[in-house]
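Open the model in a viewer and keep the sequence panel visible. The stops below go from the whole chain to a helix pair and then to a single residue.

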Amino acid sequence: MIKEEHEVAITGAPQGSGPVMSTVIDIQTEPVMPDHIIWSLFNSIYFNVCCLGLVAFAYSVKSRDRKRVRDMVGAQEYASTAKKLNIAALVLGLIVVIILIIIQATVRQ
């Protein structure tokens, strides 16, 4: 008799056999558009040649603000300008660092 009860428990109806309800959540994601704010912050701290890093940071913040108000064209323009300024600041900063290393090496000899 115990064996029969055990078989019924295994092959019985599934628990919670009521109606299955599901919920669908539609999440609106923001379009992925880089604003280069981290790169601009890095350049404004370390490679701020002729204040290009600071200006790039300002354009990155403007790009982020435009993206928040869903002006994707304006955000793209500001991000493009920030990218160009970041490239210029990085290249000029690296050139200055290389020149300083060369001057330091020649002075020690």
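Start with the whole protein chain: of its 109 residues, 21% count as buried (under 20% relative accessible area with a 1.4 Å probe, protein chains only; exposed is over 50% and partly exposed lies in between). This is a predicted model, in which local features need pLDDT of at least 70 and side-chain atom pairs count only at pLDDT 80 or more, while totals for chains, interfaces and linings use all residues. Residues are numbered from 1 along each chain as its sequence is written, and side-chain values use heavy atoms, with hydrogens and water left out.

Colour by secondary structure next. The protein chain has 4 helices and 0 strands, in the order α-α-α-α from the N terminus (DSSP runs, H or I of at least four residues for helices and E of at least two for strands, numbered from the N terminus).

Now select residues 37-46, helix α2, and residues 52-68, helix α3; their axes come within 8 Å and cross at roughly 160° (lines fitted to C-alpha atoms over the stretch in contact, with angles from 0 to 180 degrees between N-to-C directions). α2 is therefore roughly antiparallel to α3 (angles over 145 degrees). Show side chains for the contact (heavy atoms within 4.5 Å): Ile37, Ser40, Leu41, Asn43 and Ser44 of α2 meet Gly53, Leu54, Ala56, Phe57, Ser60, Val61 and Arg64 of α3.

Stay in helix α3 and pick valine 55. Valine 55 is partly exposed, at a relative accessible area of 36%. For the last stop, add threonine 81, 26 residues from valine 55 along the chain; their C-alpha atoms are 9.7 Å apart.

Note on methods
Parallel < 35°, antiparallel > 145°, perpendicular 65-115°, else oblique.
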